[in-house]
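Hello,

Here is the structure I promised to pass on to you. Please open it beside this email, and then read on for what turned up in it.

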Amino acid sequence: MLRTSYHTHNRYCDGRGEIVEYAEAAIEAGLAALGVTSHSPLPFREEYAMALDEVPAYCSDVLRLREKYAGRLQIHLGLEWDYVPEHLPAMEEMLAPFRFDYLIGSVHFAGTDADGIPSAYDLSQGGFERGLQELFGGAIERMVRAYYARVRSLLSWGQVAIVGHIDRIKMWNRDGRYFREDAPWYREEVERTLQACARAGVIVELNTSGWRHAVRAPYPSPWILRRCLDLEIPLVVTTDAHAPGRVAEFHAEAEALVRDVGCRRLAVLRAGRWTLESY
């Protein structure tokens, strides 16, 4: 049984509900550990991100609940770091005063518009289409390659423990609408990125939220999970919950999938260190 949920969002960013509601839901679901990982503040306006002036309260909330639930539920203070290389120095400066148990590194932007504003590809299919046409001239290969290049840049930064939804660029690609995952150029980009993951020693998450997104498939695809195992890249199952009731969403499907690809151990955070344990 999967007993951890390390990727969750709450009312401090674009999630619904208080952190305490997630803790209670985690206990009810039989979990042993909960990671609280609101979206990092950004130096430009973006509705889904946590506001910088809310970070102290966010940290205090998590630490207070960690103490309150000690012995019943492990609660970890994390952050989903939205990697935007053009703004990395500003983001590092903003968050330097704070300490987190771990960071999940994710790429939610592909390309930058004429005004220097990063273009989100995953907020709506319309936004994805606009970015594809306006920033990449309608060339999906260019867009996807740019996305994976950003993921590799994130890995070279070296500050994250987990890579978030590594193939999320497929979010609107149900039934191969925009590209084929067996296309040689796509396999090449994924392989280069997984090799970078192996060198960086990071964990790749099996993010179950894809099963409820337009693509109706987990992040990443099963063939990518198998390649992670070939490269001895650790895996962890996460739900990317944006509501308390989703802290263990699709755990049964995820457990079946990790067994099917041959994974018998998953990453677990113990006393500040990530270890591999049988599940």
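**Salt bridges**

Let's begin with Arg168 and Asp122, whose side chains come together in a salt bridge (2.6 Å, N to O). Arg168 sits in the loop between strand E7 (162–163) and H6, and Asp122 in the loop between strand E6 (118–120) and helix H4 (125–136), so this pair ties together parts that are 46 residues apart in sequence. Please keep in mind that this is a predicted model.

Are the two partners buried or exposed? Arg168 is buried because its relative accessible area is 8%, under the 20% limit for that word. Asp122 is buried as well, with a value of 5%.

How many salt bridges does the structure hold? There are 21, and a few more deserve a look. Glu86 and Arg150 meet through their side chains in one of them (2.4 Å, N to O). Glu86 belongs to the loop between strand E3 (74–82) and helix H3 (88–95), while Arg150 is in helix H5 (residues 140–157), so the bridge ties together parts that are 64 residues apart in sequence. Here the two ends do not share a label: Glu86 is partly exposed at 40% relative accessibility, whereas Arg150 is buried at 9%.

Glu54 and Arg11 form another salt bridge, and their closest N and O atoms are 3.8 Å apart. This pair links distant parts of the chain, 43 residues apart: Glu54 is in the loop between strand E2 (33–36) and helix H2 (55–68), and Arg11 is in the loop between strand E1 (4–5) and helix H1 (19–28). Glu54 has a relative accessible area of 26%, so it counts as partly exposed. Arg11 is partly exposed too, at 35%.

You can also look for a network of salt bridges, which links Glu141, Arg145, Arg152, Glu188, Glu189 and Arg192.

**Aromatic rings**

The structure holds 16 aromatic pairs. One of them joins Tyr6 and Tyr102 edge-to-face, at 6.1 Å centre to centre and with 85 degrees between the planes. Tyr6 is in the loop between E1 and H1 and Tyr102 is in strand E4 (residues 102–106), so the pair ties together parts that are 96 residues apart in sequence. Both Tyr6 and Tyr102 are buried.

Phe179 and Tyr186 give you another pair to look at: their ring centres are 4.9 Å apart and their planes are at 35 degrees, so the pair is tilted. Phe179 is buried, with a relative accessible area of 4%, and Tyr186 is buried at 0%.

Which residues make up the aromatic cluster? Tyr121, Tyr147, Tyr148, Phe179, Trp185, Tyr186 and Trp223 form it.

**Two packed helices**

Tyr186 and Trp223 turn up again where two helices meet. Helix H6 (residues 184–200) packs against helix H7 (residues 222–230) at an angle of about 40 degrees, and their axes are 11 Å apart. The crossing of H6 past H7 is right-handed.

On the H6 side, the residues in contact are Tyr186, Arg187, Val190, Glu191, Leu194 and Gln195; on the H7 side they are Trp223, Ile224, Arg227 and Cys228. Sorted by class, this contact has 6 nonpolar, 1 polar and 3 charged residues.

Enjoy exploring it!

Best wishes

Conventions. Residues numbered from 1 in each chain as written. Predicted model: local features only at pLDDT ≥ 70, side-chain atom pairs only at ≥ 80, totals over all residues. Heavy atoms only, no water. Axes fitted to C-alpha atoms, helices over the stretch in contact; angles between N-to-C directions. Helix = DSSP H or I, 4+ residues; strand = E, 2+ residues; numbered from the N terminus. Left-handed = near helix turned anticlockwise from the far one by under 90°. Contact = heavy atoms within 4.5 Å. Nonpolar A, V, L, I, M, F, W, Y, C, P; charged D, E, K, R; others polar. Salt bridge = Lys/Arg side-chain N within 4 Å of Asp/Glu carboxyl O. Buried < 20%, exposed > 50% of the residue type's maximum accessible area, 1.4 Å probe, protein only. Phe/Tyr/Trp six-rings, centres within 6.5 Å; stacked < 30°, edge-to-face > 60°.
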